[in-house]
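This briefing introduces a protein model to a reader who has not met it before. Please view the sequence and the structure together while reading the points below.

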Amino acid sequence: MASDVPMTPELEQIDGEIHDIFRALQNGFQKMDKIKDSNRQAKQLEDLTVKMKECKRLIKEFDRILKDEESNNPPEINKQLNDRKQFMIKELNSYVTLRKTYQSSLGNNNKRVELFDMGAGSSEPAAEDNIQMASAMTNQQLIDTGRNQMDQTDQAIERSKMVVAQTVETGAQTAATLTQQTEQMKRIGNELDTVHFSLKKASQLVKEIGRQVATDKCIMAFLFLIVLGVIAIIVVKIVHPNNKNIRDIPGLAPPAQNYQIHNRRLLWAEASIGM
């Protein structure tokens with residue numbers, strides 16, 4: 001079974017070696033049925049046992065690297081890699097059970113059968129208590145032992161599923177938090193746009209006020225010049241009242257001059273009456 005799970009080059013190399021060993025085990029057990037000589041069968045079985053031990057070592061190495069890189073991988077990738085590891089454990093256990101069957105049929109009482117404890121997702125080596133003489137075990141005992149190991153493997157899978165479920169839940173909570181933070185950032189961005197627009201309008205208003213103030217200053221300066229001019233004319237008229245080059249300002253003629261003109265009119269009127 002070729003794996004399409006994303007792996008690092010190191011894991012991919014180990015996975016490829018394990019896959020090659022599984023293929024060699026499959027071909028080796030197929031040859032067992034064709035071998036008639038019991039000695040050759042025993043030799044073939046020993047060769048297959050060596051391959052299974054090598055496969056067990058590679059699975060342990062695969063598990064070690066997987067744990068080292070677990071924090072750097074997303075939960076989905078870790079789940080796929082753990083499923084791949086469990087598949088390899090089950091595949092190896094199936095060949096171990098098959099080896100025990102051939103070992104029992106050979107009746108080789110001088111060979112010791114190592115019971116691979118690959119269940120519960122453990123990569124620890126099998127304990128010495130799990131190594132028993134094949135001659136001391138019946139077929140039923142071998143079957144029961146295999147079933148126990150399968151049960152342990154199923155339990156390990158269930159525990160892995162629980163871990164994955166917790167990881168998925170944590171990921172969902174993290175995603176929800178990120179969504180809320182994203183929405184909050186969007187609101188902050190909208191508020192910043194509003195503030196920027198308000199500042200722009202305020203800047204335009206300040207410019208308009210500045211132009212109005214400048215216009216008002218010009219008008220005030222012009223009025224000030226007019227007032228200065230009027231004051232200057234008044235001062236000149238007071239200092240030089242007989243200066244004909246300076247016109248009288250309407251409403252500001254000297255009172256004495258007006259009085260003299262009025263007296264002249266009265267004198268002309270009396271003279272006209274006396275004549």
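The points below cover the overall fold, the packing of helices, the salt bridges and the surface.

The model is a predicted one. Its protein chain contains 5 helices and 2 strands, arranged along the sequence in the pattern α-α-α-β-β-α-α. Of the 275 residues in the protein chain, 24% are buried.

**Packing of helices 1, 2 and 3**

Two packed helices are described by the angle between their axes and the distance between the axes.

- Helix 1, which covers residues 9-32, and helix 2 pack with their axes 9 Å apart, at an angle of about 160°. Because angles over 145 degrees count as roughly antiparallel, helix 1 is roughly antiparallel to helix 2. Their crossing is left-handed.
- Helix 2, which covers residues 38-68, also packs against helix 3: the two axes come within 10 Å and cross at roughly 160°. Helix 2 is therefore roughly antiparallel to helix 3. Helix 2 passes helix 3 in a left-handed crossing.
- Helix 1 (residues 9-32) and helix 3 (residues 75-106) have axes that come within 11 Å and cross at roughly 25°. Because angles under 35 degrees count as roughly parallel, helix 1 and helix 3 are roughly parallel to each other. Helix 1 passes helix 3 in a left-handed crossing.

**A contact between distant parts of the chain**

- Glu91 lies in helix 3. With a relative accessible area of 23%, Glu91 is partly exposed.
- Glu91 and Phe22 are 69 residues apart along the chain, yet their C-alpha atoms are separated by 7.9 Å.

**Salt bridges**

Side chains of opposite charge can pair when their charged atoms come close. The whole structure holds 11 salt bridges, and the points below describe some of them.

- In helix 1, Asp20 and Arg23 lie 3 residues apart, which is about one turn of the helix. Their side chains meet in a salt bridge with an N to O distance of 3.0 Å. Asp20 is partly exposed, at a relative accessible area of 40%, and Arg23 is also partly exposed, at 46% relative accessibility.
- In helix 2, Arg64 and Glu61 are separated by about one helical turn because they are 3 residues apart. Arg64 forms a salt bridge with Glu61, and the closest N and O atoms are 2.4 Å apart. Arg64 counts as partly exposed, with a relative accessible area of 40%. Glu61 is partly exposed as well, at 23% relative accessibility.
- Asp63 and Lys67 also lie in helix 2, 4 residues apart, or about one turn of the helix. Their side chains form a salt bridge at 3.4 Å, N to O. The two partners differ in exposure: Asp63 is buried, at 2% relative accessibility, whereas Lys67 is exposed, at 53%.
- Glu61, Arg64 and Asp68 are joined into one network by salt bridges that share partners.

**A nonpolar patch on the surface**

- Which residues form a nonpolar patch on the surface? The patch consists of Ile219, Met220, Phe222, Leu223, Ile226, Val227, Val230, Ile231, Ile234, Val235, Ile238 and Val239.
- Together, these residues have about 1100 Å² of accessible area.
- Met220, one of the residues in the patch, lies in helix 4, which covers residues 139-239.
- Is Met220 buried or exposed? With a relative accessible area of 57%, Met220 is exposed, because a value over 50% counts as exposed.

**Points to locate in the view**

- For the helix packing, begin with helix 1 and helix 2, whose axes are 9 Å apart, and then turn to helix 3, which is roughly parallel to helix 1 and roughly antiparallel to helix 2.
- For the charged pairs, compare the buried Asp63 with its exposed partner Lys67.
- For the surface, find Met220 in helix 4 and follow the nonpolar patch from there to its other members, including Ile234 and Val239.

Technical notes: Residues numbered from 1 in each chain as written. Predicted model: local features only at pLDDT ≥ 70, side-chain atom pairs only at ≥ 80, totals over all residues. Heavy atoms only, no water. Patch = residues over 30% accessible without salt bridge, like charges linked within 9 Å, V, L, I, M, F, W, Y side chains within 5 Å. Areas by Shrake-Rupley, 256 points an atom, 1.4 Å probe, with all protein chains shown as cover. Salt bridge = Lys/Arg side-chain N within 4 Å of Asp/Glu carboxyl O. Buried < 20%, exposed > 50% of the residue type's maximum accessible area, 1.4 Å probe, protein only. Axes fitted to C-alpha atoms, helices over the stretch in contact; angles between N-to-C directions. Parallel < 35°, antiparallel > 145°, perpendicular 65-115°, else oblique. Left-handed = near helix turned anticlockwise from the far one by under 90°.
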